[in-house]
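Visitor: I'm new to looking at proteins in 3D. Could you walk me through this one?

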Amino acid sequence: MSAVLEAPKWDMAVVFPSLESREFKAEFDAVISEIGDLEQFFDKNEVASGNPFAKAFPDRFDEVVRKWNSFHERMRPLNAYVYSFVTTDSRNALALAKQSELQIQQARIRDLATRLTAWTGRQPIDQLLASSSEAKEHEYAVRKAQEESRHLMSAAEEALSSQMALTGSVAWGKLHGNISSQIEFPLEVKGRTEVLPMSAVRNLAYEGERQVRKAAYEAELASWKQNEVSLAASLNGVKGEVATLSAKRGWQSPLDEALFRANIDRQTLDAMMAAAREAFPEFRKYLQAKARALDPGAKDLPWYDLFAPYGGEGRTWRFDEAADFVTEQFSTYSKKMGDFAARTFRERWTDASPSPGKRDGAFCMGLRKDESRILMNFKPAFGSVSTLAHELGHAYHNLCLAERTHIQRMTPMTLAETASIFCETIVRQAGLKQGTEQEQVAILEASLQGSCQTVVDITSRFLFESAVFEKRKQRELSADEFCEVMLDAQEQTYGDGLDPNKRHPYMWAVKPHYYSSHSFYNFPYMFGLLFALGLYKRFQQDPDSFRAGYDQLLSSTGLSEAADLGLKFDIDIHDIGFWRGSLDTIRGDIKRFVDLVDGVKAN
């Protein structure tokens with residue numbers, strides 16, 4: 001049995017026996033009933049009615065916030081339970097039906113959230129903070145609500161937009177997910193023809209044999225081509241809705257709205273992006289060196305070799321070996337982190353085996369208090385060990401947030417990547433230290449794959465999305481135009497590191513992030529990588545002092561601007577020097593890799 005087939009499925013029976021169970025139905029109906037109760041409670045307390053601050057207001061505000069937090073504690077596991085079936089089998093009709101029902105209810109919840117924001121924003125903030133215990137406990141969220149309330153449409157317009165999203169961006173996003181997860185086609189792999197889902201075909205990008213990678217790449221592009229009309233319509237629909245609502249709410253651009261939600265400012269983004277652009281020449285040297293390593297006569301890399309293993313395929317990892325290794329390395333950081341990793345495997349939190357209808361990629365979702373669930377598509381290579389550590393980092397972050405209220409846990413994507421990259425770095429450093437020379441080369445190259453994706457490819461996605469929003473102001477774009485914009489973005493970033501005739505024009509169809517009403521689901525990943533590398537440097541300089549404050553930082557990611565949290569570790573994210581310093585760590589890895597490649601070639 002292969003290492004992939006031995007990878008586990010997650011255990012969701014601890015939540016409910018099944019989607020058909022009496023327990024699930026009872027809780028599903030109870031939660032929907034509670035939404036109605038919450039609406040009545042908001043009406044009774046005139047939430048968002050514009051009432052002036054009065055003597056009784058602080059008590060009412062406290063009660064509203066407590067009920068709001070309590071409701072979401074109950075809603076989270078129900079959402080996660082249904083989502084666990086949809087993401088592992090997009091053909092599950094009952095799960096899809098329940099997801100659709102929940103999405104209708106979530107429109108009501110979004111309406112209530114908007115009312116709460118507007119209500120909070122209308123109050124004199126100093127009086128509110130001085131007189132309300134819940135306002136004081138949630139001061140950062142209160143201040144954010146004050147600012148966000150200035151970007152709200154009328155109550156009727158906000159309610160209508162929530163309802164219309166179900167047949168707009170939500171529906172378009174669902175269409176993309178259903179199409180992309182259900183694509184299957186025959187592919188000959190090592191002399192055997194199999195019908196494979198898209199997630200399995202994309203996994204072949206990591207295969208050792210070039211002909212397998214090339215065949216998978218060509219088949220993938222052909223499949224996206226066959227589905228491009230529907231996917232282009234989906235992307236036009238989502239981006240059109242986002243741009244329209246962003247302008248209507250008074251944001252200068254969707255990017256300004258995204259920065260607000262990311263808890264960073266334009267100065268931070270500009271400093272980080274400028275440092276990234278400075279580093280592109282080094283990343284191109286890495287790509288060119290990898291091209292030489294795989295084909296001595298090559299000057300640049302075709303897309304299907306981006307994820308090719310170098311130095312042999314390296315060690316073959318079974319999932320249980322990966323789990324043991326990650327647990328061991330987490331334990332070198334702290335007993336708490338190691339024990340936590342062991343618990344996740346013991347309680348089967350991870351769904352790691354590729355299967356038909358299962359979505360591609362990886363994610364971690366909170367379930368109950370300190371409990372999470374992780375989805376990935378495990379491959380028997382160190383890259384998947386790294387992915388496992390990354391997603392467990394998210395779960396560890398959820399552990400540190402467990403005692404916070406729902407509102408206090410609202411972590412922006414920029415800081416949501418902190419723990420995941422930090423944990424990934426712990427495991428990577430251990431792999432480089434403990435592995436054989438061949439394994440070290442494979443690990444180093446896998447790390448550079450990830451860094452290149454997070455700095456170079458993420459920038460290409462940022463440029464693509466920026467250009468699409470600009471062009472979408474005038475009209476819808478065709479599939480060919482989306483491809484042209486994507487190829488231009490890849491030229492600006494990968495440059496002469498990639499073969500210009502072997503790029504990936506359909507990356508806009510691949511990434512589900514584009515099909516969400518939350519735009520610019522890209523630059524936060526780069527922030528997370530580079531911010532975490534900066535934190536790891538601080539850890540290396542003074543481990544004991546760092547450990548004393550790190551869990552508190554993770555617990556506080558929803559309580560402060562990213563700049564303020566950084567200052568607690570003497571990090572100034574407005575300074576391009578900080579970002580250059582983090583990128584210097586990657587530059588060092590690139591130099592080491594290039595030297596190894598050229599050394600091998602010279603021999």
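Visitor: What share of the contacts in the protein with a separation of 6 or more comes from residues 24 or more positions apart?

Guide: First, a word of care: this is a predicted model, where local features need pLDDT of at least 70 and side-chain atom pairs count only at pLDDT 80 or more, while totals for chains, interfaces and linings use all residues. Residues are numbered from 1 along each chain as its sequence is written, and side-chain values use heavy atoms, with hydrogens and water left out. A contact means heavy atoms within 4.5 Å. Among contacts in the protein with a separation of 6 or more, residues 24 or more positions apart account for 77%.

Visitor: How many helices and strands are there in the protein?

Guide: Both kinds of element are DSSP runs numbered from the N terminus: helices are H or I with at least four residues, strands are E with at least two. Counted that way, the protein has 25 helices and 5 strands.

Visitor: What is the radius of gyration of the protein?

Guide: The radius is taken over C-alpha atoms, and the globule rule to hold it against is 2.2 Å times the number of residues to the power 0.38. For 603 residues that rule gives 25 Å, and the protein comes close to it, so it is as compact as a globular protein of that length. Along the principal axes, the C-alpha atoms fill a box of roughly 80 × 55 × 50 Å. The radius of gyration itself is 24 Å.

Visitor: What percentage of the 603 residues is buried?

Guide: Here's the yardstick: buried means under 20% relative accessible area, exposed means over 50%, and partly exposed is in between (1.4 Å probe, protein chains only). By that yardstick, buried residues make up 57% of the 603.

Visitor: How many of the 9 residues of helix α12 are buried?

Guide: Helix α12 covers residues 254-262. Its buried residues are Pro 254, Leu 255, Glu 257, Ala 258, Leu 259, Phe 260 and Ala 262. The helix is largely enclosed by the rest of the structure, because the buried count is 7 of the 9.

Visitor: Which helices do the buried residues of α12 pack against?

Guide: Follow α12 to its end and you reach Asn 263 just after it, with a positive phi of about 60°. As for partners, the buried residues of α12 pack against α6 (139-149), α11 (228-248), α13 (266-294), α17 (413-416), α19 (437-472) and α22 (523-541).

Visitor: Are α19 and α22 roughly parallel or roughly antiparallel to each other?

Guide: Axes are lines fitted to C-alpha atoms, for helices over the stretch in contact, and angles run from 0 to 180 degrees between N-to-C directions. For α19 and α22 the angle is about 150°, with axes 8 Å apart. Under 35 degrees counts as roughly parallel, over 145 as roughly antiparallel, 65 to 115 as roughly perpendicular and the rest as oblique. Therefore α19 and α22 are roughly antiparallel.

Visitor: How do the residues of the contact of α19 with α22 divide into nonpolar, polar and charged?

Guide: From α19 the contact uses Ser 451, Thr 454, Val 455, Ile 458, Thr 459 and Phe 462, and from α22 Phe 523, Tyr 525, Met 526 and Leu 529. Ala, Val, Leu, Ile, Met, Phe, Trp, Tyr, Cys and Pro count as nonpolar, Asp, Glu, Lys and Arg as charged, and the others, Gly among them, as polar. The split is 7 nonpolar, 3 polar and no charged.

Visitor: Is Val 142 buried or exposed?

Guide: Val 142 sits in helix α6. Leaving out residues up to four places away in sequence, Val 142 touches Phe 61, Thr 120, Ile 125, Leu 128, Leu 129 and Ala 135. With a relative accessible area of 4%, Val 142 is buried.

Visitor: And Arg 143: what is its relative accessible area?

Guide: Arg 143 is also found in helix α6. Apart from neighbours within four places in sequence, Arg 143 is in contact with Ile 125 and Leu 129. Arg 143 counts as partly exposed because its relative accessible area is 39%.

Visitor: Where does Lys 369 lie?

Guide: Lys 369 has a positive phi of about 45° although it is not a glycine. Lys 369 is partly exposed, with a relative accessible area of 44%. You'll find Lys 369 in the loop between β4 (363-368) and β5 (371-375).
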